[in-house]
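This report walks through a protein chain, pausing at selected residues and at the space between them. The sequence and the structure come next, and the text then goes through them topic by topic.

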Amino acid sequence: MHRTYTGRAQSVCRRSAAWAALAVALAGCAAAPVPQGDVRIGLRNPTAPLGGVSRFEVARFAGDWTTLRCLGDCAARVRYVVATDGVLLREADGVRTPYRISAPGVLREVGGDATLVVMWVDEGFRTAAVGDAEGTWAAVIDRGTGSADRTAAATEILDFNGWDVSRIRSVE
């Protein structure tokens, strides 16, 4: 035998299920531990995915850049120089660091543990979003004075990759 349910019966069932789900959610919130003491939140959520930009081209990325916005400690000016096949030098604050390109937009420090990630670059290679995989710094860099649209796009990419953009600051 086939029973026909009225819209009212289904509505009551849906409402009951919704109230039950809400009660379970509220019970879970009440049981969550409250952090004690000083809690330090980093610059980047380590559980967020972090990836290099697929359009990364070392020859087009090489050159002089100015930092427009920064999270953490950033150099005001940065230069990237192609050293050898597959190695890019990062020159910042008088320090030259060699990075081997391990994947598009992902550069691993030669002889070290640091990983530099180019998360985004515009089509003209004028503005980029870069940072370290450890989450200690990130920057919006540009070839000139920057454009509001490109700067906003780079900032959105940082946010998408887990960076706390509420703490980003302009660099003079």
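## Two loop residues with positive phi

D93 is placed in the loop that runs between β3 (87–92) and β4 (95–103), in a model that is predicted. The phi angle of D93 is near 50°, which is a positive value in a residue other than glycine. Most residues other than glycine have a negative phi. With a relative accessible area of 65%, D93 is exposed.

F125 also has a positive phi, near 55°, and this residue too is one other than glycine. Its place is in the loop between β6 (115–121) and β7. Is F125 buried or exposed? At a relative accessibility of 3%, F125 counts as buried, whereas D93, at 65%, is exposed.

## The chain as a whole

The secondary structure amounts to 3 helices and 9 strands, and along the sequence these elements follow the pattern α-α-β-β-β-β-β-β-β-β-α-β. The chain has 172 residues, and buried residues make up 33% of them. Among the contacts with a separation of 6 or more, 53% come from residues that are 24 or more positions apart.

## A cluster of aromatic rings

How many aromatic pairs does a search of the whole structure find? The search finds 3 such pairs. In one of them, the rings of F56 and F61 have their centres 5.3 Å apart and their planes at 50°, so this pair is tilted. Both of these residues are set away from the surface by the accessibility criterion: F56 is buried with a relative accessible area of 10%, and F61 is buried with a relative accessible area of 0%.

F61 also forms an aromatic pair with Y80, which is likewise tilted, at 4.8 Å centre to centre and with 50° between the planes. Because F61 lies in helix α2 (residues 58–61) and Y80 in strand β2 (residues 77–84), this pair ties together parts that are 19 residues apart in sequence. Y80 is buried, as F61 is. Taken together, the ring pairs link F56, F61, W65 and Y80 into a cluster.

## A cavity and its lining

Rolling a probe the size of a water molecule over the atoms shows where empty space is left. Counting cavities of 30 Å³ or more in this model gives 1, and the largest cavity holds about 40 Å³ of space.

Which residues line the largest cavity? The lining is made up of T67, C74, A75, V78, Y80, R90, V130, W137, A139 and I141; Y80, listed here, is also a member of the ring cluster. Strands β2 and β8 (138–142) each supply at least two residues of this lining. Sorted by class, the lining has 8 nonpolar, 1 polar and 1 charged residues.

## R79 and its partner D64

R79 is found in strand β2, and with a relative accessible area of 38% it is partly exposed. Although R79 and D64 are 15 residues apart in sequence, they are 4.4 Å apart in space, C-alpha to C-alpha. The side chains of these two residues are joined by a polar contact of 2.5 Å.

When residues up to four places away in sequence are not counted, R79 touches G63, D64, L89, R90 and E91. R90, one of these neighbours, also belongs to the lining of the largest cavity.

## T127 at the start of β7

T127 has its place in strand β7 (residues 127–132). Its relative accessible area is 0%, and T127 is therefore buried, since buried means under 20%. The side chain of T127 nevertheless makes a polar contact, at 2.7 Å, with the side chain of R150.

Leaving aside residues up to four places away in sequence, the residues that T127 touches are W65, W120, V121, D122, V140, I141, D142, R150, T151 and A154. Two residues in this list connect T127 to topics treated above: W65 is part of the ring cluster, and I141 is among the residues lining the largest cavity.

Note on methods
Residues numbered from 1 in each chain as written. Predicted model: local features only at pLDDT ≥ 70, side-chain atom pairs only at ≥ 80, totals over all residues. Heavy atoms only, no water. Phe/Tyr/Trp six-rings, centres within 6.5 Å; stacked < 30°, edge-to-face > 60°. Buried < 20%, exposed > 50% of the residue type's maximum accessible area, 1.4 Å probe, protein only. Helix = DSSP H or I, 4+ residues; strand = E, 2+ residues; numbered from the N terminus. 1 Å grid on protein atoms, 1.4 Å probe; cavity = no way out; pocket = protein on both sides within 12 Å on 5 of 7 lines; lining within 4 Å. Points joined across faces, edges and corners; volume = space filled by probe spheres on them. Nonpolar A, V, L, I, M, F, W, Y, C, P; charged D, E, K, R; others polar. Contact = heavy atoms within 4.5 Å. Polar contact = N/O pair within 3.5 Å; in protein donor to acceptor, adjacent residues only side chain to side chain.
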